[in-house]
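This report goes through side-chain contacts, cysteines, a pocket and backbone angles in one protein chain. Please keep the structure open while reading.

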Amino acid sequence: MKAEDIRDVIRYLQKFKNAVVVIYLDDKTIQSPLYSSHIRDIALMHSAGLKVVIIPGARSRIDEILTDAKLTWTYNNNCRVTTEEAMPLIKMAAFDVSNTVMTSLAANNITATIGNWVRSRAKGIVNGFDYGTAGEIDKLQTDAIKSVLDNSFIPIFPCIGWNSVGHPYNISSVTLAQQVAIELKADKLFFVMQDAENIVLNNQIVPAMNLEEVDDFIKAFDSSVLASSTTNLLKLSKEACQKGVVRSHIVDGKLDGVLLSEIFSNLGSGTMIYTSNYGKIRQMEQTDIPAVLSLIRPFVESGKLLPRTEAQLADECSDFVVYEIDGAIHACAALHIYEDKQAEIAAVAVDENYAHMGIGPKVINHLIDKSKEIKASSVFILTTQAADWFEKLGFTPDSVDSLPAKRKAMWNPERNSKVYRLK
């Protein structure tokens with residue numbers, strides 16, 4: 001295990017102490033061979049001081065019990081529609097799944113409790129269609145839920161709500177998870193799914209999206225490519241973040257350790273939806289120098305960057321910016337100003353594990369904007385192995401003679417760096 005991975009874990013343990021984490025486990029994950037592993041990981045999270053809430057999906061179990069009873073049902077707008085005759089069986093199935101989760105947690109020495117904290121109302125008749133026993137969430141007993149959490153119990157929510165006179169309704173588990181997260185102002189909302197497709201762009205899982213990127217992503221894929229369940233999860237995640245949830249995560253229940261990986265590492269293993277507080281570019285500080293030296297070391301060893309000492313970075317601290325994710329440095333670059341106000345973008349380094357997140361272009365564009373603010377006459381870079389990358393960003397070849405005198409005096413013919421200037 002790398003030292004930086006250990007630092008990540010310690011940093012996140014400190015960050016999420018007493019954090020509220022709402023976890024939706026879909027029914028296929030509960031039935032999968034990895035279910036016990038996920039429960040063990042949830043127990044570890046709870047033992048580490050996180051306040052965990054679980055909403056288990058029960059669709060398969062409800063299907064099974066209704067089928068055995070020879071009762072039929074339909075779906076409309078992803079809502080199960082049944083007659084009143086089916087409701088006692090639906091309630092039994094939902095509590096059966098919740099009991100399974102509670103028993104599994106007990107096996108890991110974790111105390112959980114199942115409660116009726118959901119006030120609901122009938123979905124009713126919409127556009128002439130009668131939704132029967134399907135219900136909508138009216139109110140959550142937030143104070144009671146917080147009391148359970150404060151007593152170090154894990155609350156488990158069956159997909160059942162009751163109206164003011166005790167009539168039960170079948171409600172959507174994913175919507176319930178979202179609403180619980182919103183009401184509790186959760187730090188994290190997890191959708192642990194077996195069916196939802198991975199959110200992929202250019203053959204790579206998208207690790208994080210801000211709210212605007214969620215809309216762009218959905219628009220970029222028609223329904224034949226992006227499953228409706230995935231689209232629904234993205235929309236639920238976005239709405240949750242808009243209403244106060246810090247971050248929402250869509251993760252693959254077929255991966256062992258997916259919850260721990262998503263919480264206790266910067267990169268994670270699923271897709272995170274966030275507002276604007278995830279990654280940020282900021283001025284480098286003196287305390288960042290060890291992390292920056294560690295970041296640029298592999299680029300120096302491969303010959304892509306010139307070596308820099310701690311003293312050099314300290315002297316040039318005001319020229320550098322870093323890209324920070326949850327307190328960890330994953331990219332850096334510098335903007336040096338020469339005579340005639342020519343600006344050089346230098347020391348560009350991006351952690352290779354994060355390169356696919358578009359961090360590099362964000363840092364470059366930030367420094368280009370900064371050069372405009374100071375009215376730089378032009379912006380140039382020198383590179384030995386990244387010419388193609390800079391050309392994609394709008395830089396074109398130029399001659400060494402075009403460099404300002406001070407920078408030209410430092411140019412090494414043995415290194416033979418190429419000069420590129422922004423169009």
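Which helices and strands each supply at least two residues of the lining of the second largest pocket? In this predicted model, the helices are H2 (27-30), H4, H7 (173-183) and H9 (228-242), and the strands are E4 (79-81) and E9. The volume of the second largest pocket is about 840 Å³. Its lining consists of 32 residues. Those that lie nearest the centre of the second largest pocket are Arg 59, Asn 78, Ser 172, Ser 173 and Val 174.

**Salt bridges**

The whole structure contains 16 salt bridges. Three of them are listed here.

| Pair | Closest N to O distance |
|---|---|
| Arg 61 and Asp 96 | 2.7 Å |
| Glu 136 and Arg 121 | 3.4 Å |
| Asp 288 and Arg 282 | 2.7 Å |

Arg 61 and Asp 96 form a salt bridge with their closest N and O atoms 2.7 Å apart. This pair links distant parts of the chain, with Arg 61 in helix H4 (residues 59-68) and Asp 96 in helix H5 (residues 87-107), 35 residues apart. Arg 61 is partly exposed, at 25% relative accessibility. Asp 96 is also partly exposed, at 30% relative accessibility.

In the salt bridge between Glu 136 and Arg 121, the closest N and O atoms are 3.4 Å apart. Glu 136 belongs to strand E9 (residues 135-140) and Arg 121 to strand E6 (residues 118-122), so this pair ties together parts that are 15 residues apart in sequence. The relative accessibility of Glu 136 is 29%, so Glu 136 counts as partly exposed. Arg 121 has a relative accessible area of 37% and is partly exposed as well. Both residues belong to a network of salt bridges that links Arg 121, Lys 123, Glu 136 and Asp 138.

Is the pair Asp 288 and Arg 282 made of buried or exposed residues? Asp 288 is buried, because its relative accessible area of 8% falls under 20%. Arg 282 is buried too, with a relative accessible area of 18%. The side chains of Asp 288 and Arg 282 meet at 2.7 Å, N to O.

**Aromatic rings**

The structure has seven aromatic pairs. One of them joins Phe 129 and Tyr 131 in an edge-to-face arrangement, with 5.0 Å from centre to centre and 75° between the planes. Phe 129 is partly exposed, with a relative accessible area of 30%, whereas Tyr 131 is buried at 3% relative accessibility.

Tyr 131 has another contact. The charged end of Lys 123 sits over the ring of Tyr 131, 5.1 Å from the ring centre. Lys 123 is therefore placed over a ring while also being part of the salt-bridge network with Arg 121, Glu 136 and Asp 138. Elsewhere, ring pairs link Trp 389, Phe 390 and Phe 395 into a cluster.

**Cysteines**

How many disulfides does the structure contain? The count is zero. Cys 332 is in no disulfide, and its nearest cysteine sulfur, that of Cys 317, is 12 Å away. A disulfide requires the two sulfur atoms to be within 2.5 Å, so the distance of 12 Å rules out a pairing of Cys 332 with Cys 317. Cys 332 is buried, at 1% relative accessibility. Cys 241 is buried too, at 5% relative accessibility.

**Positive phi angles**

Two residues other than glycine are described here for their positive phi values. Asn 109 has a phi near 60° and is found in the loop between H5 and strand E5 (112-114). Asn 109 counts as exposed, at 72% relative accessibility.

Where does Lys 185 lie? Lys 185 is in the loop between H7 and strand E13 (188-193). The phi of Lys 185 is near 50°. Lys 185 is exposed, because its relative accessible area of 63% is over 50%.

How values were computed:
Residues numbered from 1 in each chain as written. Predicted model: local features only at pLDDT ≥ 70, side-chain atom pairs only at ≥ 80, totals over all residues. Heavy atoms only, no water. Salt bridge = Lys/Arg side-chain N within 4 Å of Asp/Glu carboxyl O. Helix = DSSP H or I, 4+ residues; strand = E, 2+ residues; numbered from the N terminus. Buried < 20%, exposed > 50% of the residue type's maximum accessible area, 1.4 Å probe, protein only. Phe/Tyr/Trp six-rings, centres within 6.5 Å; stacked < 30°, edge-to-face > 60°. Lys NZ or Arg CZ within 6 Å of the ring centre and 35° of its normal. 1 Å grid on protein atoms, 1.4 Å probe; cavity = no way out; pocket = protein on both sides within 12 Å on 5 of 7 lines; lining within 4 Å. Points joined across faces, edges and corners; volume = space filled by probe spheres on them.
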